[in-house]
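Visitor: Could you walk me through this model? I would like to see how its parts pack together.

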Amino acid sequence: MCEDNQTAVTVFTLLGFKGLYSYKVIVFILFLFSYYVVLNGNLIIIVLVSISERLKIPMFIFLKQLAVADILKTTTIIPMMLDIILSNTKEVSVAGCLLQVYFFDIFELVQCIIIAIMSYDRYLAICNPMRYNDIMSPDVCRKMIAASWLLVFIASGEIILACQLQFCGLNYIDHFFCDFGPLVELATSDTSLLLLVDFILSVVFIFIPFSVIIITYFIIFCAIQKICLNSGRKKAFSTCSSHLATVCLYYGTLMIVYMGSSDDSSHSKNKFYSLLYIVVTPMMNPIIYSLRNREIRKTLQKVLNIRT
């Protein structure tokens with residue numbers, strides 16, 4: 001219950017990008033174009049993997065799921081962000097804010113798991129090629145993908161705890177979307193249990209997958225160093241270079257945002273850093289795989305030639 005001198009919050013006001021109001025048309029066009037690139041780039045990956053038999057192998061099947069999560073994650077945030085840019089601020093109901101946090105967390109955590117699975121796939125391809133087809137069968141891939149989505153949906157039950165939070169008095173969020181941290185800071189009820197659950201989920205779905213990636217790539221690099229021929233080393237490294245670039249881009253931006261300090265100036269910086277994994281990373285993934293993967297390029301050229 002709120003105190004007598006406080007009113008219960010029913011809507012939050014998102015402040016968006018303070019200081020950029022005079023440039024909002026340019027900023028709007030920039031992010032609208034970025035969203036267009038994200039949608040089209042990832043849709044191309046999804047379509048190519050879906051229609052091409054040569055791309056129906058584990059690495060590209062997982063890449064397709066990564067593209068799906070990228071589209072869903074950006075669509076959860078960017079349309080609202082574009083509205084905020086034009087109107088300077090935006091009011092969002094408490095329920096709507098919690099739903100945005102819930103779905104954003106789902107798609108973000110799914111990406112962490114999928115990226116970790118992709119690193120395990122590269123480990124098998126390089127370090128255990130003789131058993132690769134047996135271990136990474138299409139049926140196993142489908143089960144891994146289904147388990148990833150199901151596990152994240154179940155684990156994101158922390159939204160039940162978040163729905164029990166009370167908000168009184170202040171209702172301003174200095175961000176362009178309903179992020180978990182700023183939302184919890186506004187809560188006037190006890191958040192200790194919610195923060196504990198969030199920490200456990202972060203360990204399970206972010207730290208552990210990242211640890212798996214580090215371990216698998218350490219083993220991969222050790223295996224590559226044992227290859228005698230330089231051509232063999234280059235070929236082995238090229239099979240995981242695109243995924244490694246995605247790992248560095250994704251986890252690098254997450255660390256910048258979530259390992260920074262929590263002072264007021266850091267809040268402003270994190271708001272802009274958040275754009276890296278909400279806009280830049282989903283936009284770069286299709287470019288990375290298109291430029292560095294021969295099979296993607298060949299399939300795209302084949303499709304374009306058929307159409308023309």
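Visitor: In which hand does helix 2 pass helix 5, left or right?

Guide: Happy to help, and please keep in mind that this is a predicted model. The axes of helix 2 and helix 5 (residues 138–155) come within 10 Å. As helix 2 passes helix 5, the crossing is right-handed.

Visitor: Are helix 2 and helix 5 roughly parallel or antiparallel to each other?

Guide: Look at the angle between their axes, which is roughly 25°. Angles under 35 degrees count as roughly parallel. Helix 2 and helix 5 are therefore roughly parallel.

Visitor: And helix 1 with helix 2, roughly parallel or antiparallel?

Guide: Helix 1 covers residues 24–51 and helix 2 covers residues 58–87, and their axes come within 9 Å. They cross at roughly 160°, and an angle over 145 degrees counts as roughly antiparallel. Helix 1 and helix 2 are therefore roughly antiparallel.

Visitor: How many nonpolar residues are in the contact of helix 1 with helix 2?

Guide: Helix 1 passes helix 2 in a left-handed crossing. Sorted by class, their contact has four polar residues and three charged ones. The number of nonpolar residues there is 23.

Visitor: Which helix gives the largest share of the largest nonpolar core?

Guide: That core has 88 residues, and F12, M81, F167 and I278 touch the most other members. The largest share of the core is 19 residues. They come from helix 3 (residues 94–127).

Visitor: F12 and F167 both appear there, so how are their rings arranged?

Guide: The structure holds 14 aromatic pairs. In the pair of F12 and F167, the ring centres are 5.0 Å apart. Their planes stand at 90°, and over 60 degrees counts as edge-to-face, so the F12 and F167 pair is edge-to-face.

Visitor: How far apart in sequence are the parts that this F12 and F167 pair ties together?

Guide: F12 lies in strand 1 (residues 11–14). F167 sits in the loop between helix 6 (158–162) and strand 3 (172–173). The pair therefore ties together parts whose separation in sequence is 155 residues.

Visitor: Is F167 buried or exposed?

Guide: Buried means under 20% relative accessible area. F12 has a value of 0% and is buried. For F167 the relative accessible area is 5%, so F167 is buried.

Visitor: What about F210 and Y251, what kind of aromatic pair do they form?

Guide: F210 lies in helix 8 (residues 192–225) and Y251 in helix 9 (residues 230–258), so the pair ties together parts 41 residues apart in sequence. Y251 is buried, with a relative accessible area of 3%. The two rings are 4.7 Å centre to centre with 35° between the planes, and the pair is tilted.

Visitor: G169 is in the loop between helix 6 and strand 3; what separates its C-alpha atom from that of V9?

Guide: G169 is partly exposed, with a relative accessible area of 36%. Along the chain, G169 and V9 are 160 residues apart. Their C-alpha atoms are separated by 6.5 Å.

Visitor: To finish, how much of the chain do buried residues make up?

Guide: The chain has eleven helices and three strands. From the N terminus on, the elements run β-α-α-β-α-α-α-α-β-α-α-α-α-α. Of the 308 residues in the chain, the buried ones make up 45%.

Terms used. Residues are numbered from 1 along each chain as its sequence is written. This is a predicted model: local features need pLDDT of at least 70, side-chain atom pairs count only at pLDDT 80 or more; totals for chains, interfaces and linings use all residues. Side-chain values use heavy atoms; hydrogens and water are left out. Axes are lines fitted to C-alpha atoms, for helices over the stretch in contact, and angles run from 0 to 180 degrees between N-to-C directions. Helices (H or I, at least four residues) and strands (E, at least two) are DSSP runs, numbered from the N terminus. Angles under 35 degrees count as roughly parallel, over 145 as roughly antiparallel, 65 to 115 as roughly perpendicular and the rest as oblique. A crossing is left-handed if the near helix is turned anticlockwise from the far one by less than a right angle, and right-handed if clockwise. Ala, Val, Leu, Ile, Met, Phe, Trp, Tyr, Cys and Pro count as nonpolar, Asp, Glu, Lys and Arg as charged, and the others, Gly among them, as polar. A nonpolar core is a set of buried Ala, Val, Leu, Ile, Met, Phe, Trp, Tyr and Cys residues joined through side-chain atoms within 4.5 Å. Buried means under 20% relative accessible area, exposed over 50%, partly exposed in between (1.4 Å probe, protein chains only). Rings of Phe, Tyr and Trp (its six-membered ring) pair if their centres lie within 6.5 Å; planes under 30 degrees apart count as stacked, over 60 as edge-to-face and the rest as tilted.
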